[in-house]
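Please look through the sequence and the model shown here before reading on. The paragraphs that follow lead from one hairpin outwards to the sheets, the chains and the DNA.

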2 protein chains.
Amino acid sequence: MFLGTYRHAVDAKGRLAIPARFREQLPAGTVISKGAEGCLQVYPPKEWARVKDRMRITSTTAAEERKLQRMLFGSARECEFDAQGRIVLSADHRSYAGIGAAAAVVGVNNLIEIWNDEAWRRIGDATPDEYTRIQDRVAERERSNDR
Amino acid sequence: MFLGTYRHAVDAKGRLAIPARFREQLPAGTVISKGAEGCLQVYPPKEWARVKDRMRITSTTAAEERKLQRMLFGSARECEFDAQGRIVLSADHRSYAGIGAAAAVVGVNNLIEIWNDEAWRRIGDATPDEYTRIQDRVAERERSNDR
DNA sequence: GTGTCGGTGGGAAAAAGTGGGGCTAAGTGG
DNA sequence: CCACTTAGCCCCACTTTTTCCCACCGACAC
């Protein structure tokens with residue numbers, strides 16, 4: 001389980017330290033890819049397997065499906081940690097997420113998200129009012145799903 | 001598993017370096033052929049065997065499928081790596097994929113695709129909005145798998 | 001105060017990618 | 001059958017990128 005927000009520096013080589021609390025839960029086979037709302041997402045191997053399995057391009061794969069898989073896999077990369085526990089964010093990933101010299105590393109239960117520092121501030125620094133409204137709307141949706 | 005996008009040069013002799021991360025996973029018997037949407041596809045031996053075994057011309061083969069098989073097998077070629085880890089793209093393959101001095105080499109889970117640089121940009125350089133949709137569809141599929 | 005742990009930065013070594021020359025083999029035409 | 005041309009392959013050299021290693025700094029605990 002990944003919890004909390006950590007602000008870490010991204011150096012000139014694109015290296016980003018993953019918080020030690022997260023790293024101990026990330027065995028080899030961890031994958032990073034482009035995610036929703038312009039963040040990057042880090043999938044532990046088990047989570048990634050859920051995404052990956054059952055997806056395979058063949059000559060009978062439908063056009064829509066081909067595009068989906070190309071975008072999904074073409075934008076992903078396996079995480080490799082150096083001896084200091086850092087990963088290298090590719091130039092493409094950095095520009096997608098608008099990440100410069102700093103990033104927010106956020107634990108979101110089953111996976112980790114990496115955000116542009118500023119973009120995360122707008123989300124993470126929500127006021128109690130905003131938070132309440134969002135919670136209410138989600139609760140409303142869940143009720144209608146149950147029906 | 002093949003992941004990520006790499007932009008590499010294609011020199012005057014039609015040589016293209018395959019990213020080292022991909023090359024390690026490509027034993028002898030790897031095959032390159034024409035793929036959908038004007039890309040080239042590189043099949044590792046196991047994937048190629050899967051294709052080969054499933055397709056076979058018989059008296060009951062539909063006309064359309066015969067055509068598909070002729071194209072797929074007729075334009076296929078075994079990959080040969082030089083000492084620098086490059087393959088030579090045939091003139092036919094280059095013109096099919098519209099590849100000039102640069103190409104994008106993309107890992108798509110079970111196989112590798114080679115694209116005209118520009119054509120790939122239209123797929124891979126999608127906006128966060130498009131990736132958000134992709135993610136929604138992946139999540140949707142997971143839910144249906146769980147049922 | 002001293003030791004450990006987590007994060008940051010930079011230099012050096014190694015690996016990966018790029019380009020070109022020249023030899024060999026294969027196809028083409030007389 | 002031989003000469004010629006072309007395309008393919010191998011090898012070497014260079015440049016850039018990546019990775020590895022070491023050193024430092026600050027915070028916290030003992």
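**From a hairpin to the whole assembly**

In chain B, the hairpin formed by strand 3 and strand 4 has 5 residues between its strands, and within this hairpin B:Glu37 adopts a positive phi near 60°. Strands here are DSSP runs of E with at least two residues, helices are runs of H or I with at least four residues, and both are numbered from the N terminus. This is a predicted model, in which local features need pLDDT of at least 70 and side-chain atom pairs count only at pLDDT 80 or more, whereas totals for chains, interfaces and linings use all residues. Residues are numbered from 1 along each chain as its sequence is written, while chains are lettered from A and ligands numbered from 1 in the order in which they are written.

B:Glu37 itself is placed in the loop between strand 3 and strand 4 of chain B. Is this residue buried, partly exposed or exposed? B:Glu37 counts as partly exposed because it has 13 C-beta neighbours inside 10 Å; on this scale, with C-beta atoms placed from the backbone, a residue is buried if 20 or more other C-beta atoms lie within 10 Å of its own, exposed if 12 or fewer do, and partly exposed in between. The C-alpha atom of B:Glu37 is separated by 11 Å from that of B:Glu113, a residue 76 residues apart from B:Glu37 along the chain.

The two arms of the hairpin, strand 3 (residues 31-34) and strand 4 (residues 40-43) of chain B, pair in the antiparallel sense over 4 bridges, where pairing requires that DSSP finds at least two bridges between two strands. Within this pair, B:Ile32 stands opposite B:Val42 of strand 4. Strand 3 of chain B also pairs with strand 5 (residues 77-78) of chain B, again in the antiparallel sense and over 2 bridges, and there B:Val31 stands opposite B:Glu78. These strands belong to an open, antiparallel sheet of 6 strands in chain B, with the order 1-7-8-4-3-5. Strand 1 and strand 5 of chain B stand at the edges of this sheet with a single partner strand each, so one side of each is left without a neighbour in the sheet.

Chain A also holds an open sheet of 6 strands with antiparallel pairing and the order 1-7-8-4-3-5. Its strand 7 (residues 102-109) and strand 8 (residues 111-116) run antiparallel and are joined by 6 bridges, with A:Ala104 having A:Trp115 as its bridge partner in strand 8. Chain A has 6 helices and 8 strands, which follow the pattern β-β-α-β-β-α-α-β-β-α-β-β-α-α along the sequence. Of the 147 residues in chain A, 30% are buried, and the C-alpha atoms of the chain fill a box of roughly 45 × 45 × 25 Å along the principal axes.

How do the two chains meet? Taking two residues to be in contact if their C-beta atoms, placed from the backbone, lie within 7 Å, 25 residues of chain B are in contact with 28 residues of chain A. Helix 6 of chain B gives the most to the side of chain B that touches chain A, with 9 residues. By class, that side has 14 nonpolar, 9 polar and 2 charged residues, where Ala, Val, Leu, Ile, Met, Phe, Trp, Tyr, Cys and Pro count as nonpolar, Asp, Glu, Lys and Arg as charged, and the others, Gly among them, as polar.

The largest nonpolar core has 60 residues, and those touching the most other members are A:Ala103, A:Ile114, A:Trp115, B:Ala103, B:Ile112, B:Ile114 and B:Trp115; such a core is a set of buried Ala, Val, Leu, Ile, Met, Phe, Trp, Tyr and Cys residues joined through C-beta atoms within 7 Å. Strand 7 (residues 102-109) of chain B supplies the largest share of this core, 5 residues.

The DNA completes the picture. DNA strand D is surrounded by residues of both chains, among them A:Lys13, A:Gln84, B:Lys13 and B:Gln84, a residue being near a molecule or strand if its C-beta atom, placed from the backbone, lies within 6 Å of it. The surface near DNA strand D has 4 nonpolar, 2 polar and 6 charged residues. Around DNA strand C there are 22 residues, of which A:His8, A:Ala9, A:Ala17, B:His8 and B:Ala20 are the closest, and the surface near this strand divides into 12 nonpolar, 6 polar and 4 charged residues.
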